[in-house]
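Let's take a walk through a protein model, starting with one side chain and then looking for empty space. Keep the 3D view open as you read.

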Amino acid sequence: MSYFDDASLAFLPSGAAGKDGKAYSIKPTDGTGDFTFSRGSNLAATRVGPGPDYFIEKGRENLLTYSNDFSNSDWNKINGLSVIGQTATDPFGVANNAWSLNFDGTVNGRIEKKGLSVAVNGVYNYSVYLRVATGTQVASIGHSSWGLTAVTITTQWQRFEGFKVAATNTAYIRVRCDDAAIIEVFGYQFESGLVATEYIESGATKGTAGILENTPRFDYSNGASCPSLLLEPSRTNLVPSEYFGAGYTLSGAAIINNNTTSPEGLQNATKIYPTASGNYKHIRYGSLNPSTGVHTFSIFAKAGELDHLVLIDYDGGGVGVDFNLSTGVANDSASVAFDFVDMVDYGNGWYRCVATATNLRFYWILSDNGGVSVTANGTDGLYIYAAQAEANAYPTSYIPNHSGGTITRAVDVISKDLTSVINNNQMTMFLDVKSLEAISTVIAADNFGDLRWYHQAGNRFRFYKIDDADWVTNSFVVNDGDKIALTLTDTQAKLFVNGSQVGTTFALTTSFQNFTNLSYNVGSSKNELNQLLIFRTALSDADCITLTT
Amino acid sequence: MRNQLICWIEVLMESRFWGKVVTATSGLSSKRRKNKLYDTYIYKTYNSFEMKQSQFYYLLRRGLFGGGGIWAKYVNDFKARVVADGGTVESTTCINADVKYLTKNPS
């Protein structure tokens, strides 16, 4: 018999099999081993998608209901605007799917969505496809009190868009035309962010796509050809916006929004360049001074004409961490040493520049060669995208924030009642996992003698039996990807890691029994899970060695 | 019954069965030739056991024969179940490799 035949549960994230709220197991085949997946924080999580692009993927929402039903009463027809009907062919060639609107020439004629609640200081993008039958026509889109975006409509379908920082807590999104004209309209979208993303059709409820509230994240970070399930602790991004144009202080520097393609694959990265030669030409967020405690700071950056971005310790007064965007090497020469420094390659010249420090106030400076000075010519600079500051000693995946405040991604947990999978007092549990240090409980198996798998200081793992208050295995240091098999019989426990038994066989005081709920990542650590197998029997030593090799 | 079927497939996979009808497939690429030989021998063998043609092609569609082993059937069935439940399977290549290893080990 094979491992596959013998396993009572086979959870293989390499297939990336999931949906919002669920991660599927290939065994049992009747679905009784499918895990419930929960995170519960909307639009706050991202993953690295599959190759060859490995783009960062977010959750997306079209906040407009009836986004392509302009006859619906959710759309107000004001000042001589009337709907002719859904009579035009849409930009994708579908007949009778775009709408013809008649503007009678009354000033401020418009079709306008009923008021939408938005976050003041949040960043929002509005986009819509427009066309006219002949000639050209000037119109405007967006929300008037934030400033409308003027557009020139032609006989070809164009998707027009704009973004604004919300100045009020209600938005009235519209198409406005002051002339007598018939304008064809398709697919209005209103979403968080700097640029329009792929159109999402909506009906009575908002349209959604991508990484949603409880979508398991099958992640392809570091150029992986096959995904693993990313399970992370709860974190809060203290940086209030992806938009560097509001709330930030620029000293001797300027920015150009949406200047190049970001690691997200969209034209929403920012160019930053010095406006004067000298020292400490920088960008910083005005109130972002987490001056006490341990924080990890990160920003995506790409070389332009300049290729050094330096994270400065504001109080240290000296050079901080020099991120060389040409070589991908970070040089920590701070007067106050950083706890952790890293540059992660995201492809297409982009690096995530990461530094962890204690009691730090910080800012990012532009640099010629890694020092504090830079030479300006009015154009030369580099590219930045998506800053993050989080309270802890290591970085987690990017938490998108367009809110103007903070945003929290809750902990990822998978759980399942496995009564039907484990129904006796023997088992083997196999895990192929990469786990980062976080002192926490990784696995809790209730009523199975209350098995716990603890992640301890020093990046060590150890299994524990709560009802007997026994450590049932030795501890072992977690490396960068480990294969672990724990076998249990009525009388003993054995642990195998990466092809060898770890420690001695442990004599159990009492046997495990009545396995019910298994929860993974309950203690909120960071895991990249490749496989979880459970067998109803204790596999032989030889089989465990083969399985973990 | 299924295990007997798998056993027959394993037997048929052995190299001594290849090459007997090479002339009939000489125009094909090596990969396609191997798959065709594999399918041909399974078909002929099961014909000798009076397997109906419709049964053979049913099993072929189910992924039991042709370009994969029993692991392909497991993955196909898994994908069908997930899709029917409203989910997606993003990477069949990767899960195929995992299931193939788990079905062929320990040897």
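Start with R352(A), whose side chain reaches the backbone oxygen of T396(A) at 2.7 Å. This is a predicted model, by the way. You'll find R352(A) in strand β34, which covers residues 350-358 of chain A. Does R352(A) have a partner of opposite charge, or does it go without a salt bridge, and what is the nearest candidate? R352(A) is buried and has no salt bridge. The nearest side chain of opposite charge belongs to E390(A), 4.3 Å away, and a salt bridge needs the atoms to be within 4 Å.

Now for the empty space. Rolling a probe the size of a water molecule over the atoms reveals where such space is left. Searching the whole structure turns up one cavity of 30 Å³ or more. The largest cavity has a volume of about 60 Å³. Eleven residues line it, and the closest to its centre are Y248(A), Y285(A), F362(A), W364(A) and A387(A). Strand β28(A) gives the largest share of this lining, three residues. By class, the lining has ten nonpolar residues, one charged and no polar ones.

Next, the pockets. The largest has a volume of about 900 Å³. Among the 42 residues lining it, E57(A), K58(A), G59(A), R60(A) and A209(A) are the closest to its centre. Its lining splits into 17 nonpolar, 13 polar and twelve charged residues.

The second largest pocket comes in at about 610 Å³. Strand β34, the home of R352(A), is one of the elements that give two or more residues to this pocket's lining. Still, β33(A) gives the most, with six residues.

How values were computed:
Residues are numbered from 1 along each chain as its sequence is written. Chains are lettered from A and ligands numbered from 1 in the order in which they are written. This is a predicted model: local features need pLDDT of at least 70, side-chain atom pairs count only at pLDDT 80 or more; totals for chains, interfaces and linings use all residues. Side-chain values use heavy atoms; hydrogens and water are left out. Helices (H or I, at least four residues) and strands (E, at least two) are DSSP runs, numbered from the N terminus. Buried means under 20% relative accessible area, exposed over 50%, partly exposed in between (1.4 Å probe, protein chains only). Lys and Arg count as positive and Asp and Glu as negative; His and the chain ends are not counted. A polar contact is a pair of N or O atoms within 3.5 Å; within protein, one must be able to donate a hydrogen and the other to accept it, and residues adjacent in sequence count only if both atoms are side-chain atoms. On a 1 Å grid over the protein atoms alone, a cavity is a set of points where a 1.4 Å probe fits but cannot get out, and a pocket is an open set with protein on both sides within 12 Å along at least five of seven lines; lining residues have an atom within 4 Å of a point. Grid points are joined across faces, edges and corners, and a volume is the space filled by probe spheres set on the points. Ala, Val, Leu, Ile, Met, Phe, Trp, Tyr, Cys and Pro count as nonpolar, Asp, Glu, Lys and Arg as charged, and the others, Gly among them, as polar.
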